Amino acid sequence: ILVVDDEESVREVMCDLLVQAGYRVLRAANGLEALRVYTMNQQKISLVLLDLIMPEMSGKECSRKLVEINPSVKIVLASGYTANTNIEEESLPGVKAFLAKPYEPVDMLDVMRRILDTD
């Protein structure tokens, strides 16, 4: 799983939780770094947990670029800035689910498992 979040503390908590749940984790601090990590490790990455609002490259733009690299990429988009925004997963390429921050760890794990278990 590739975890992409510009907030180091959030990224580390998510990575620690995923490792404890038995996943292998790669991390990136922004969209540009995520593209580099994904390109170098595409065969090892089953899912991308991607923050929506980041400097340098937004989660929306990053998701579009990830789909250009791999049209079947699975992305879970997360953000704390969408209370007044209606985000539909279908409107963003590759995005299979959306998590509104703050979310419960069990909810994140449930969503990720559901996405990983579908083709």
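These legends go with close-up views of a predicted model.

**View 1. K101 shares a salt-bridge network with D5 and D51.** The K101–D5 contact comes in at 2.6 Å, N to O. That pair ties together distant parts of the chain, 96 residues apart: K101 sits in the loop between β5 and α4, and D5 in the loop between β1 (2-4) and α1 (8-20). K101 also bridges to D51, with the closest N and O atoms 3.2 Å apart. Here the partner is in strand β3, 50 residues away from K101. Both acids are tucked out of reach of the probe by the usual cut-off: D5 has a relative accessible area of 1%, so it counts as buried, and D51 is buried too, at 5%.

**View 2. Right after K101, the chain takes a cis peptide bond into P102.** Omega for this bond is near -5°. P102 lies in the loop between β5 (95-100) and α4 (105-116). For context, most peptide bonds are trans.

**View 3. E56 has a positive phi without being a glycine.** The angle is near 75°, and the residue belongs to the loop between β3 (48-51) and α3 (59-69). Most residues other than glycine have a negative phi. E56 is exposed, with a relative accessible area of 61%.

**View 4. R113 and D117 pair up in a salt bridge.** Their closest N and O atoms are 2.9 Å apart. How exposed is each partner? R113 is partly exposed at 37% relative accessible area, while D117 is exposed at 53%. Across the whole structure, the search finds four salt bridges, including this one.

Methods: Residues numbered from 1 in each chain as written. Predicted model: local features only at pLDDT ≥ 70, side-chain atom pairs only at ≥ 80, totals over all residues. Heavy atoms only, no water. Helix = DSSP H or I, 4+ residues; strand = E, 2+ residues; numbered from the N terminus. Buried < 20%, exposed > 50% of the residue type's maximum accessible area, 1.4 Å probe, protein only. Salt bridge = Lys/Arg side-chain N within 4 Å of Asp/Glu carboxyl O.
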